[in-house]
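Thanks for coming. Please have a look at the sequence and the model on the screen before I start.

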Amino acid sequence: MFRRKLTALDYHNPDAFDGTDETQYRNCIVWLEDQKIRHYKIEDRGNLRNIPSSDWPKAYQKYLQDVNCPFGDQERKEALDWLLGLAVRYEYGDNVDKYKNCQPLAANSEKAADPLINLDCNSPDFKAGVMALANILKIQRHDDYLVMLKAIRILIQERLSPEAITKASQNKEGVPVALDKHVLGFDTGDATLNEAAQILRLLHIEELRELQTKINEAIVAVQAIIADPKTDHRLGKVGR
């Protein structure tokens, strides 16, 4: 499952790599840090390079934390896949001119198949990708990765779509409001809570106004369709 990324990184003999072999796994982690990621200074890599040591898992766990990996030592496959992805990004960043001129593969004349049809929700690649997106977007972790993927899709559609970004970038100049001129209608017994309640009520009213505006726009749009009579003077009547 790691062959494609290992090949892209010029790892020696990627076809024979066995992620379940402890020695091969540790050697691969050290190779990634030494050759591609280079998060630590050379003199600080001693514990990670000490592959036979019984303390290597502790050094590896600390390393994962230092590079902000969302997976721990117990999630071996996911952590390695994440590190490989990080190494690929660094490799591209170091050789932008080399890779930006790569020619894309010839497009298939047939319609591309839906990539979700053969989606393996239990694969480490899928889990690592969903977890990385969830961490970037600060979405709470869930045991079901499909639920997290759905949450990611909703957030992107609502917050990161071109329309949402355009709306968020528009500067809205607020108007100062004197809270003491607005009657709350009830008393919490605490002045601070009363002010907070007044602010929430004003925000709610503003949202209701926006909703009413959208309703009015919808009504006008519908009326433009159904209330457009055509007059035929020869027939002496109004209508279609």
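I will go through two helix pairs, then some salt bridges, then one glutamine.

Keep in mind that this is a predicted model.

Let me start with the helix pairs. Two packed helices are described by the angle between their axes and the distance between the axes. The first pair is helix 5, which covers residues 76-94, and helix 7, which covers residues 124-137. Their axes are 9 Å apart, and the packing angle is about 65°. Angles from 65 to 115 degrees count as roughly perpendicular, so helix 5 is described as roughly perpendicular to helix 7. The crossing of these two helices is right-handed.

Which residues of helix 5 meet helix 7? They are Lys77, Glu78, Asp81 and Trp82, and on the helix 7 side they meet Pro124, Asp125, Lys127, Ala128 and Ala132. Sorted by class, this contact of helix 5 with helix 7 has five charged residues, four nonpolar ones and no polar ones.

The second pair is helix 2, residues 22-37, and helix 4, residues 56-66. Here the axes cross at roughly 40° and come within 12 Å. That angle makes helix 2 oblique to helix 4. The handedness of this crossing is left-handed.

In the contact itself, helix 2 contributes Glu22, Tyr25, Arg26, Ile29, Val30, Glu33 and Ile37. Helix 4 contributes Trp56, Pro57, Tyr60 and Tyr63. By class, the contact of helix 2 with helix 4 has eight nonpolar residues, three charged and no polar.

Now to the salt bridges. How many salt bridges does the structure hold? There are eleven, and I will show a few of them.

One is between Arg49 and Asp34, with the closest N and O atoms 3.1 Å apart. Arg49 sits in helix 3, residues 46-49, and Asp34 sits in helix 2, so this pair links distant parts of the chain, 15 residues apart. Is Arg49 buried or partly exposed? With a relative accessible area of 38%, Arg49 is partly exposed.

Another salt bridge joins the side chains of Asp73 and Arg76, at 2.8 Å from N to O. Asp73 has a relative accessible area of 12%, which means that this residue counts as buried. Arg76, at 21%, is partly exposed.

The next one joins the side chains of Glu75 and Arg141, at 3.1 Å from N to O. Glu75 lies in the loop between helix 4 and helix 5, while Arg141 lies in the loop between helix 7 and helix 8, so the pair ties together parts that are 66 residues apart in sequence. Glu75 is partly exposed, with a relative accessible area of 22%. Arg141 also counts as partly exposed, at 46% relative accessibility.

Salt bridges can also share partners. In this model, such sharing joins Glu22, Arg26, Asp73 and Arg76 into one network. Glu22 and Arg26 were named earlier among the helix 2 residues that meet helix 4, and Asp73 and Arg76 form the salt bridge at 2.8 Å.

The last item is Gln198. Where does Gln198 lie? Gln198 is in helix 10, which runs over residues 191-226. Its relative accessible area is 13%, so Gln198 is buried. Leaving aside neighbours within four places in sequence, Gln198 is in contact with Leu179, His182 and Leu184.

That is the end of my part.

Note on methods. Residues numbered from 1 in each chain as written. Predicted model: local features only at pLDDT ≥ 70, side-chain atom pairs only at ≥ 80, totals over all residues. Heavy atoms only, no water. Axes fitted to C-alpha atoms, helices over the stretch in contact; angles between N-to-C directions. Helix = DSSP H or I, 4+ residues; strand = E, 2+ residues; numbered from the N terminus. Parallel < 35°, antiparallel > 145°, perpendicular 65-115°, else oblique. Left-handed = near helix turned anticlockwise from the far one by under 90°. Contact = heavy atoms within 4.5 Å. Nonpolar A, V, L, I, M, F, W, Y, C, P; charged D, E, K, R; others polar. Salt bridge = Lys/Arg side-chain N within 4 Å of Asp/Glu carboxyl O. Buried < 20%, exposed > 50% of the residue type's maximum accessible area, 1.4 Å probe, protein only.
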